[in-house]
Amino acid sequence: EVFESAKGFNEQNTQSFVDTYHKNIKMLLDRMDRGIDAKDVGAVIGTAGLLIEALAKVVSSHPRKETKTFGSLKSDFENSSNLTPGMKELCHELYILRNKEPNAGHGRLDPSNCTFDEAIFIAAITKAIIEIEYRNLDE
């Protein structure tokens, strides 16, 4: 009940700002929310990693950024991003988690190591990182 209430509040109060996001980021945010609704931990974590990679492409100045992975854009992202060093490191950790977590990125058949509560936290922190970066893009 609290989750649904908070979700509704966030949707009402952030929608106009979210409309400024790149279309792929908006699509991935929707996918991550559907993963939460389905209680699909792997989908949430996998999509969080994709969101971090998409965000890196938004802020990166690399001339061929569209064809690069987060790993190959990491240095440029760290130089171009307005996030704090700790937040930048968290972006890297979220991207790595996608690659390690079963059912999130590389098709492992093991059950997830993360709980549903942890997936909700990962989704929330990913959304916060995106909002913080977008609010500081012009600085």
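## A loop glutamate and its backbone partner

The side chain of Glu101 reaches the backbone nitrogen of Cys114, at a distance of 3.4 Å. This contact belongs to a predicted model. Glu101 is located in the loop that joins helix 5 (85-100) to helix 6 (116-135). With a relative accessibility of 4%, Glu101 counts as buried, because the limit for that class is under 20% relative accessible area.

Leaving aside residues up to four places away in sequence, Glu101 touches Ile45, Ser112, Asn113 and Cys114. Cys114 therefore appears both in this list of touching residues and as the owner of the backbone nitrogen that the Glu101 side chain reaches, while the burial of Glu101 rests on its 4% relative accessibility.

## Overall architecture

The protein contains six helices and zero strands. Read from the N terminus, its elements follow the order α-α-α-α-α-α. The chain has 139 residues, of which 37% count as buried.

Among contacts in the protein with a separation of 6 or more, 60% are accounted for by residues 24 or more positions apart. The accessible surface of the protein amounts to about 8,000 Å², and carbon and sulfur atoms hold 53% of that surface.

## Ser60 after helix 3

Ser60 occupies a place in the loop between helix 3 (41-59) and helix 4 (70-80). Its relative accessible area is 5%, so Ser60 falls in the buried class, for which the limit is under 20%.

The side chain of Ser60 forms a polar contact with the side chain of Asp76, at 2.3 Å. When residues up to four places away in sequence are not counted, Ser60 touches Lys65, Leu73, Asp76 and Ser80. Asp76 is thus one of the residues touched by Ser60, and the pair is also joined through the polar contact of their side chains.

## The second largest pocket

The second largest pocket encloses about 160 Å³ of space. Its lining consists of His22, Asn24, Ile25, Met27, Leu28, Ala54, Lys57, Val58, Lys65 and Glu66. By residue class, this lining comprises five nonpolar, two polar and three charged residues.

Helix 2 (23-37) and helix 3 each contribute at least two residues to the lining of this pocket. The largest share, four residues, is supplied by helix 2. Lys65, one of the lining residues, is also among the residues that Ser60 touches.

## His22 at the pocket lining

His22, another residue of the pocket lining, lies in the loop between helix 1 (2-18) and helix 2. Its relative accessibility is 37%, so His22 counts as partly exposed, a class that lies between the 20% and 50% limits.

A polar atom of the His22 side chain lies 2.9 Å from the backbone nitrogen of Asn24. Beyond residues up to four places away in sequence, His22 touches Val58 and Tyr134. His22 and Ala54 are 32 residues apart along the chain, and their C-alpha atoms are separated by 8.8 Å. Asn24, Ala54 and Val58 are likewise listed in the lining of the second largest pocket.

## Two loop residues with positive phi

Lys39 has a phi near 55 degrees, a positive value in a residue other than glycine. Lys39 belongs to the loop between helix 2 and helix 3. With 59% relative accessibility, Lys39 counts as exposed, because that class begins over 50%.

Asn103 also has a positive phi, of about 65 degrees, although it is not a glycine. Asn103 lies in the loop between helix 5 and helix 6, the loop that also holds Glu101. The relative accessible area of Asn103 is 46%, which makes this residue partly exposed, whereas Glu101 is buried.

## A buried lysine in helix 5

Lys88 is part of helix 5. Is Lys88 buried or exposed? Lys88 is buried, since its relative accessible area is 14% and the limit for burial is under 20%.

Excluding residues up to four places away in sequence, Lys88 touches Phe77, Glu78, Ser81 and Leu83. Lys88 and Lys74 are separated by 14 residues in sequence, and their C-alpha atoms are 9.0 Å apart in space.

Conventions: Residues are numbered from 1 along each chain as its sequence is written. This is a predicted model: local features need pLDDT of at least 70, side-chain atom pairs count only at pLDDT 80 or more; totals for chains, interfaces and linings use all residues. Side-chain values use heavy atoms; hydrogens and water are left out. Buried means under 20% relative accessible area, exposed over 50%, partly exposed in between (1.4 Å probe, protein chains only). Contact means heavy atoms within 4.5 Å. Accessible areas come from the Shrake-Rupley method with a 1.4 Å probe; for residues, only the protein chains shown count as cover. A polar contact is a pair of N or O atoms within 3.5 Å; within protein, one must be able to donate a hydrogen and the other to accept it, and residues adjacent in sequence count only if both atoms are side-chain atoms. On a 1 Å grid over the protein atoms alone, a cavity is a set of points where a 1.4 Å probe fits but cannot get out, and a pocket is an open set with protein on both sides within 12 Å along at least five of seven lines; lining residues have an atom within 4 Å of a point. Grid points are joined across faces, edges and corners, and a volume is the space filled by probe spheres set on the points. Ala, Val, Leu, Ile, Met, Phe, Trp, Tyr, Cys and Pro count as nonpolar, Asp, Glu, Lys and Arg as charged, and the others, Gly among them, as polar.
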